[in-house]
Amino acid sequence: MQSIYHRRSIRKFQNKNIPKDILEQILNAGRAAPSAKNRQPWKYIVFGGIQKQELLNAMASGLQREEQGRTDLPKSRYGLPDARNTLNCMQQAPIIIVVLNTNAKSPFLPADNDERIAELCDTLSIGASIENMLLAAQELGIGTLWIANTCFAYQELVSYLQTQHQLVGAVALGYPDETPPQRPRKPLEDIVEYRGV
């Protein structure tokens, strides 16, 4: 419970490597998450060093394409400055975990109703897996940033990864170099409706 309430999104990281045994504890926490029909649709690719820089170069290329108007997400252009900031945060982090859905294809391809429902269930499962990793990292003194801004460079990133699996997002990890305050949360009465309780 303490990890739930003390976890923060970290955007400044120390220049300090994470030992592999700590990384594996975090990944094992992700692996322990519940999943729809026990499909366990997640795959994690862990990047550090030169390979991390290559990954981020691919993301930078996608952001540049979007900024130049050759866009896959024309209604989301307002998010590009934040995506640039996210890329800067990723540069600081010693480790980036890319998260894939092994049961789904690109979100830019059509899908029938059955495929879309299965994808939704698997995305929920992957969200549980990522949250497990964030909470385990918090407990181990590692800061994290859950990243969805990979969507702006989707094509460039999957090309670099050489995968047909769906890119869901990424997690940046490192020893935190900041202690941000908790961001506001909606009050319980605004988000909960009781029926028959």
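The lining of the largest cavity in this predicted model is made up, by class, of ten nonpolar and two polar residues, with no charged residue among them. The residues concerned are Leu55, Leu56, Met59, Met90, Ile96, Val98, Thr150, Leu157, Leu161, Leu167, Gly169 and Ala170. Both helices and strands contribute to this wall: helix H3 (49–67) and helix H6 (154–161), together with strand E2 (95–101) and strand E4 (166–174), each supply at least two residues of the lining. The space that these residues surround in the largest cavity comes to about 50 Å³, and the structure holds one cavity of 30 Å³ or more.

From the cavity we can turn to the cysteines, where the model holds zero disulfides. Cys89 takes part in no disulfide, and the nearest cysteine sulfur to that of Cys89, belonging to Cys151, is 15 Å away. Because a disulfide is counted where two cysteine sulfur atoms lie within 2.5 Å, the sulfur of Cys151, at 15 Å from its closest cysteine sulfur in Cys89, is too far away for a bond.

The surroundings of the two cysteines can also be described by their accessibility. Cys89 has a relative accessibility of 4% and therefore counts as buried, the cut-off for that class being under 20%. Cys151, by contrast, has a relative accessibility of 32%, so Cys151 counts as partly exposed, a class that lies between the buried limit of 20% and the exposed limit of 50%.

How values were computed
Residues are numbered from 1 along each chain as its sequence is written. This is a predicted model: local features need pLDDT of at least 70, side-chain atom pairs count only at pLDDT 80 or more; totals for chains, interfaces and linings use all residues. Side-chain values use heavy atoms; hydrogens and water are left out. Buried means under 20% relative accessible area, exposed over 50%, partly exposed in between (1.4 Å probe, protein chains only). On a 1 Å grid over the protein atoms alone, a cavity is a set of points where a 1.4 Å probe fits but cannot get out, and a pocket is an open set with protein on both sides within 12 Å along at least five of seven lines; lining residues have an atom within 4 Å of a point. Grid points are joined across faces, edges and corners, and a volume is the space filled by probe spheres set on the points. Helices (H or I, at least four residues) and strands (E, at least two) are DSSP runs, numbered from the N terminus. Ala, Val, Leu, Ile, Met, Phe, Trp, Tyr, Cys and Pro count as nonpolar, Asp, Glu, Lys and Arg as charged, and the others, Gly among them, as polar.
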